[in-house]
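Reader: I would like to learn how to read a model of this kind, one feature at a time. Could you take me through it, giving the general idea before the particular case?

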Amino acid sequence: MTSGTIRVLIADDQMMVRQGFTVLLNVQPDIEVVGQAVDGRDAIARVAELAPDVVLMDIRMPELSGIEATRRITEESPHPRVLVLTTFDLDEYVYDALRAGASGFLLKDASAEQLAEAVRVVAAGDALLAPGITRRLIAEFSRLDSTPRAPLKARVGDLTERETEVLALIAQGLSNAEIAERLVVAEQTVKTHVGRILVKLGLRDRTQAAVFAYESGLVRPSGY
Amino acid sequence: MGVDEARHTEPAEPGGGAPRPEGGSNKGWALRGLGLLRVLRDDLWTFVAAPLPPLSRPRRFRWAPHVLYCMIALILMGAVPGELDDDYGLTGGFGMAFGLAQGGAVVLALWRPLPAWWLSLAAMFVTTQTAPRTPLVLPGQFPAPRPPHPTPMPPWPWTAPGIITCALVLFLLALRARTRVCAEVLALTALVTVLSAPAPVRYERTAPAALVIFTIVLLVGSALRGRREARTQLVELSTVTAEERARRTLLEERSRIARELHDVVAHHMSVISIQAQVAPHLVENPPDELRENLDGIRKNALEALTELRRVLGVLRSENPGDPYGIGSGTGAAPDSPQPTLDRLDALVENTRAAGLEVLTEITGEVRPLPSGVELSAYRIIQEALSNALRHAPGSTVRVELGYFPRGLQARVVNSRPTRPAAPSPGAGHGLLGMRERATMLGGTLVTSKTASGGFAVACFLPSPAELPPHDEPTGPTGEKNR
């Protein structure tokens, strides 16, 4: 693995989509498409074989759906991050994908620039969803039973007061710079807090941190 | 007065005049009551048939009421002459005539309850007028006391057979006639009874008992009629609901098909939008014109996608039970692509796993067909197989695909089921959807029972084989991409 190059696996049942994304991403100097998978089962095998940094995952695939493949891949290994790509921005897809452990969500018709940027952001672990998606995510959570899940709530207790505060702001979709501004601290301090939160809670990235914040009941969807 | 009386004594004959059982001696009164009388005449002086229908169940005894009435009529015919002879000293011809009248009224009531009622009422009236002494005692002379009668304590004015006859007739009348008519009939019966009631002291007064019985009989009959009418309305209502449901099912089926097809188109569009971005990277230094052109293609594809998502949103929101609607109707967002005939093997395998023996046969040169045709063919076969699973357990199913130059023929034929199928609700919707899919593509779909006790679904979906590549892309085959 060349340091600095993001290794990408593309899982989609349509050849045209796989080839298209491969061309678009290989143009980027810091991104390399290392493999393709034709369905969910294939994706799991390819991830085990190639250990990519990022998996571009279509949801609707034969044999095994992208959601299920995402779940198995993220359970299996902490390393690869999954960026879900679909034709429809259905709320249920977004929600299911994030619950399954995806780090980001993008429409297939995104521009080449958006696609490359999303891959970089997800790979860096800084990923958070686009503001529009975050809002819908919150709306989705607000539809659910708001009773927090007890084990999750207990784990919030491991965090310091400051870290809990930062986690709540992550869940609202703020960037590190915005959180720093809000708490009147240096951005580097926020980064340190975020890193500790992820380690303490055993979370993959900021997206999963936000999902955790909602599921544990730390943040209640309101005002959106 | 005499004329009025005559009308009463022969009610079965169409007289045309207003029935005035009270004897209407006062012309002024008659004029004042003209409106009321006209209503009474319209209601009561009709001979419209209102036959008693046979019972709907139990089937074996559907004619039982009619038989019962006829038997009672025979008994009455036998009993009346004797009674009249004993109690009233009416002998011979009178007795026979009244017996026939009473029995006849009971039988007549089965078809024409109103005239039957007139007949039974007239029989009573004439009996009372004839009994004590002939000739007639005119009502105008009431309430003059009557001379003594030789027989002690006979019933007056209603004889027992008279009450039975009239009660039976009134019961049938109440089953058929409106409540207002029943009320008028009761009032008129009461009036005639009261007018005939003043009797010699030695008679046993039956008027109150008779009127109570008549009232009860009319009430019970009316209640039964009301219940039956309510039930009829309910049946009509549920027929309407069933039609409504069928129409809604059709619409739901159509929008499901529409959703699936839009879904397919949306996927094509997103591929186009990706390819338009990819194309410039495939050539060295692409000219600006090419870039602009491809940008235009991408922009249009994105706009089309936006519209398609909007259409799918509309189609979805009309069907809250299936919010995403682009799957198999499970209500969840679909996580597999819309199927094509490539997936036929998996479908057949699933059906085998569910317990049917499935044979497949593919004839002709297999070629990729437009997504819409493949999707429809897949869905039709899927529905037919699921019908076979539901309705023909243990049968053997043949799935035949025939590729013809002009299109695709699909046949799903199952043999006779080896065990009875469990009843399943919602049967028939599948056939509806299949037909819709075939019709939409300009194809045909035929379903029929087979001679061996099985069921066959056959469809033809037109899809002309692709013309040689130098031709202009034509119609639906132009968008082929698989």
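Author: What follows goes from the chains as a whole to helices, single residues and the contact between the chains. Please keep in mind throughout that this is a predicted model.

Reader: Let me begin with the overall make-up: how many helices and strands does chain A have, and how many does chain B have?

Author: Chain A comes to 11 helices and five strands, while chain B has 13 helices and seven strands. In chain A, buried residues make up 48% of the 224 residues, and in chain B 34% of the 482 residues count as buried. One can also ask how far along the sequence the contacts reach. In chain A, 66% of the contacts with a separation of 6 or more are between residues 24 or more positions apart, and the corresponding share in chain B, for residues at least 24 apart, is 70%.

Reader: How should I read a single helix, for example α12 of chain B, and what span does this helix reach?

Author: One useful idea is that an α-helix has 3.6 residues a turn, so residues three or four places apart point the same way. In chain B, helix α12 covers residues 371-391, which is 21 residues, and from its first C-alpha to its last it reaches 30 Å, close to the 30 Å expected at 1.5 Å a residue. Because 16 of its 21 residues are buried, α12(B) is largely enclosed by the rest of the structure. Helix α5 of chain B, residues 93-109, can be read in the same manner: its 17 residues reach 24 Å, close to the 24 Å expected. The buried residues of α5(B) include F98(B), A101(B), Q102(B), A105(B) and L108(B).

Reader: Which angle is there between the axes of α9(B) and α12(B), and at what angle do α11(B) and α12(B) pack?

Author: In general, two packed helices are described by the angle between their axes and the distance between the axes. The axes of α9(B), residues 207-278, and α12(B) come within 10 Å and cross at roughly 140 degrees, which makes α9(B) oblique to α12(B). Their crossing is right-handed, and the contact is made by E260(B), L261(B) and V264(B) on the α9(B) side and by S371(B), G372(B) and L375(B) on the α12(B) side. Helix α11(B), residues 344-353, packs with α12(B) at an angle of about 5 degrees, with the axes 11 Å apart, and the two helices are therefore roughly parallel to each other. Here L344(B), L347(B) and T351(B) of α11(B) meet residues of α12(B), among them Y378(B), I381(B) and L385(B).

Reader: Is L369(B) buried or exposed, and where is the place of this residue?

Author: A residue is counted as buried when 20 or more other C-beta atoms lie within 10 Å of its own. L369(B) has 24 such atoms within 10 Å, so this residue is buried, and its place is in the loop between β3 (357-363) and α12 of chain B. Leaving aside residues up to four places away in sequence, L369(B) touches E374(B), L408(B) and S463(B). The C-alpha atoms of L369(B) and P464(B) are separated by 9.0 Å, although the two residues are 95 residues apart along the chain.

Reader: What does UniProt list for D58(A), and which residues does D58(A) touch?

Author: An unreviewed UniProt entry lists D58(A) under "modified residue: 4-aspartylphosphate". In the model, D58(A) lies in strand β3 of chain A, residues 54-58, and D58(A) counts as buried because there are 27 C-beta neighbours inside 10 Å. Beyond residues up to four places away in sequence, D58(A) touches A11(A), D12(A), D13(A), G66(A), L85(A) and T86(A).

Reader: What is the phi of A51(A), and what is the phi of E63(A)?

Author: Most residues other than glycine have a negative phi, and most peptide bonds are trans. A51(A), which is not a glycine, has a positive phi of about 45 degrees, and its place is in the loop between α2 (40-50) and β3 of chain A. E63(A) has a positive phi near 70 degrees and lies in the loop between β3 and α3 of chain A. With 14 other C-beta atoms within 10 Å, A51(A) is partly exposed, and E63(A), with 15, is partly exposed.

Reader: Finally, how many residues does the contact take from chain A and from chain B?

Author: The contact takes 24 residues from chain A and 20 residues from chain B. On the side of chain A that touches chain B, the elements giving two or more residues are α1 (15-26), α3 (66-76) and α4 (91-100), and α1(A) gives the most, with six residues.

Technical notes:
Residues are numbered from 1 along each chain as its sequence is written. Chains are lettered from A and ligands numbered from 1 in the order in which they are written. This is a predicted model: local features need pLDDT of at least 70, side-chain atom pairs count only at pLDDT 80 or more; totals for chains, interfaces and linings use all residues. UniProt positions are given in the numbering used here, feature names are shortened, and annotations may be inferred rather than shown by experiment. Helices (H or I, at least four residues) and strands (E, at least two) are DSSP runs, numbered from the N terminus. A residue is buried if 20 or more other C-beta atoms lie within 10 Å of its own, exposed if 12 or fewer, and partly exposed in between; C-beta atoms are placed from the backbone. Two residues are in contact if their C-beta atoms, placed from the backbone, lie within 7 Å. The expected span of a helix is 1.5 Å times one less than its number of residues. Axes are lines fitted to C-alpha atoms, for helices over the stretch in contact, and angles run from 0 to 180 degrees between N-to-C directions. Angles under 35 degrees count as roughly parallel, over 145 as roughly antiparallel, 65 to 115 as roughly perpendicular and the rest as oblique. A crossing is left-handed if the near helix is turned anticlockwise from the far one by less than a right angle, and right-handed if clockwise.
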